[in-house]
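The text below walks through one protein structure, starting with strand pairing and ending with the packing of side chains. Please keep the sequence and the model in view while reading.

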Amino acid sequence: MADSDPRKVVGNRVWAKACHVTNYAECARRYGSNSKLKYVSGIVIEVRLERSNNNRVRTMVVGEFDFGDEVKTACMNLRSVKRADEILATGHNIVVPNVNPMDEFVDTGVVIDTSTIPLPTPTGKCTVEVHGVK
C-alpha cells in the first residue's frame, strides 16, 4: 500500500509550532504571549525512520522553516508537523513568511496624498476645562 501522507514528501510545504522549531525564549521574544500558539511555514528536506530507546520506529521530518528574517532547520517527529491544507482550513495562528510582526514600520508601498485631506476649520471660541476650572 502506498503511503499518501503529504508530510512525508520531500519538497512539500508543512507547518509546525514555532516553539517546536526553535527554543521557547526566542519564541517569547518574537511573539510574546502567543508564542505557544504560532505556526511557522516550512519545506520538507528529509524524512527518515529512527528507532527509539524502546525499539519502536518513529518517523522524523527535517524541514527548513521561515521566520521572516532567518531560515531555521529543525528535525522533529511527524506528529509535530501539520499538513499545509490542515492548518489553512482550521484558521490557526500562522506566521506569513517574510513578514516580521515585531517591526514598527512596514513599508506597504502605498503613498497617501495628504494635500487632499480636509483640515478642520476653527469655529469661534475654544474653551478648555481642566478639573472644573475654565
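What follows describes a predicted model, taking the strands, a loop residue and the nonpolar core in turn.

Strand 1, residues 13-17, is a convenient place to begin, since it has two partners to trace. It runs antiparallel to strand 2 (residues 39-51), and 5 bridges join the two. Strand 1 is also antiparallel to strand 5 (residues 81-83), here with 3 bridges. Trp 15 can be followed in both pairings: Ser 41 is the residue opposite it in strand 2, while Lys 82 is its bridge partner in strand 5.

Strand 2 leads on to a loop that ends at strand 3 (57-66), and Asn 55 is located in this loop. Its phi is near 70°, which is a positive value in a residue other than glycine. Is Asn 55 buried or exposed? The relative accessible area of Asn 55 is 53%, and the cut-off for an exposed residue is over 50%, so Asn 55 counts as exposed.

The interior is described by the largest nonpolar core, a set of 15 residues. Those with the most contacts inside this core are Ala 18, Val 21, Val 40, Phe 65, Phe 67 and Met 76. At least two core residues come from each of strand 1, helix 1 (18-21), helix 2 (24-31), strand 2, strand 3 and strand 4 (71-77).

Phe 67 shows how such packing looks from a single residue. Apart from neighbours within four places in sequence, Phe 67 is in contact with Ala 18, Val 21 and Val 40, and also with Thr 22, Arg 30, Tyr 31 and Lys 72.

Methods
Residues numbered from 1 in each chain as written. Predicted model: local features only at pLDDT ≥ 70, side-chain atom pairs only at ≥ 80, totals over all residues. Heavy atoms only, no water. Pairing = 2+ DSSP bridges. Helix = DSSP H or I, 4+ residues; strand = E, 2+ residues; numbered from the N terminus. Buried < 20%, exposed > 50% of the residue type's maximum accessible area, 1.4 Å probe, protein only. Core = buried A, V, L, I, M, F, W, Y, C linked by side-chain atoms within 4.5 Å. Contact = heavy atoms within 4.5 Å.
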